[in-house]
Amino acid sequence: RSPYRAWEVFENIAVALNGIPPRFDLMQRPSAPHAAAALDIIQQLRDDVPVEDEVYRYCSAIMMDTGVAWGPGPLLPCNKYVSRIVGKKLQSRVSRSVASGRTPTFDGTANEDDTQTMKSLAIQDYCAFLSQQLLQQVNHLLPKQGR
């Protein structure tokens, strides 16, 4: 069993990759940003091993549980499962909003598109932050002349 094939293995790996000690005696559902970052990391570690649908379905369940309608980057394959619940129209609007770089306006009105755009941007920003942090650590541990 591997994090590329089994959701329960992915769950523990995702938690660990985000700096949280995994507990094997209970479930520790990662957040949507943590799941996205873990997908990004495991795909970079072994780009020759495909992530199977079981793992993407698990990440889709995380997205639905936390109210994320459209997942950017590593969560893109999950969107087909989430769209069955939230609808493709909302996903399309959020996707376009994120791609355009539009800043959501929180003016006190209940605007679902802005809320969903902010959730997707938060996932995207967290993945970029963690990727940069890991790169800095690798560069510190393995200086370029040593590689």
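Let me start at Arg1, which counts as exposed because its relative accessibility is 75%, and the cut-off for that word is over 50%. Please keep in mind throughout that what we are looking at is a predicted model.

On confidence, the mean pLDDT of the chain is 92, with 97% of its residues reaching 70 or more. Among the elements of the chain, helix 3, residues 53-65, has the highest mean pLDDT, at 98, while helix 6 has the lowest, at 91. As a general caution, where pLDDT is low, the predicted coordinates should not be read in detail.

Now back to Arg1 and its partner. Glu8 forms a salt bridge with Arg1, and the closest N and O atoms of that pair are 2.4 Å apart. Glu8 itself counts as partly exposed, since its relative accessibility is 28%, which falls between the limits of 20% and 50%.

By the rule used here, the count of salt bridges comes to eight, and I would like to go through two others in some detail.

The first one I have picked is Arg29 with Asp65, where the closest N and O atoms are 3.2 Å apart. Arg29 sits in the loop between helix 1, residues 7-17, and helix 2, whereas Asp65 belongs to helix 3, so this pair ties together parts that are 36 residues apart in sequence. As for their surroundings, Arg29 is partly exposed, with a relative accessible area of 42%, and Asp65 is exposed, with a relative accessible area of 53%.

The other one is between the side chains of Asp114 and Arg102, which meet in a salt bridge at 2.6 Å, N to O. This pair, too, links distant parts of the chain, with Asp114 in helix 6 and Arg102 in the loop between helix 5, residues 88-100, and helix 6, the two being 12 residues apart. Is Asp114 buried or exposed? At 1% relative accessibility, Asp114 counts as buried, because the cut-off for that word is under 20%; Arg102, on the other hand, is partly exposed, with a relative accessible area of 35%. To close the subject of salt bridges, those that share partners join Arg1, Glu8 and Glu54 into one network.

Let me turn to the empty space in the model. What is the volume of the largest pocket? The value computed for the largest pocket is about 260 Å³, and two elements give two or more residues to its lining, namely helix 2, residues 32-45, and helix 6, residues 112-141. The largest share of that lining, six residues, comes from helix 6, which is also the element with the lowest mean pLDDT in the chain. The lining residues include Leu17, Ala37, Asp40, Ile41, Cys127 and Val138, and by residue type the lining divides into nine nonpolar, two polar and one charged.

Finally, a word on Leu76, which is found in the loop between helix 3 and helix 4, residues 79-86. At 45% relative accessibility, Leu76 counts as partly exposed. If we leave aside its neighbours within four places in sequence, Leu76 is in contact with Trp70 and Gly71. Relative to the residue I began with, Leu76 is 75 residues away from Arg1 in sequence and 23 Å away in space, taken from C-alpha to C-alpha.

Key:
Residues numbered from 1 in each chain as written. Predicted model: local features only at pLDDT ≥ 70, side-chain atom pairs only at ≥ 80, totals over all residues. Heavy atoms only, no water. 1 Å grid on protein atoms, 1.4 Å probe; cavity = no way out; pocket = protein on both sides within 12 Å on 5 of 7 lines; lining within 4 Å. Points joined across faces, edges and corners; volume = space filled by probe spheres on them. Helix = DSSP H or I, 4+ residues; strand = E, 2+ residues; numbered from the N terminus. Nonpolar A, V, L, I, M, F, W, Y, C, P; charged D, E, K, R; others polar. pLDDT = per-residue confidence, 0-100. Salt bridge = Lys/Arg side-chain N within 4 Å of Asp/Glu carboxyl O. Buried < 20%, exposed > 50% of the residue type's maximum accessible area, 1.4 Å probe, protein only. Contact = heavy atoms within 4.5 Å.
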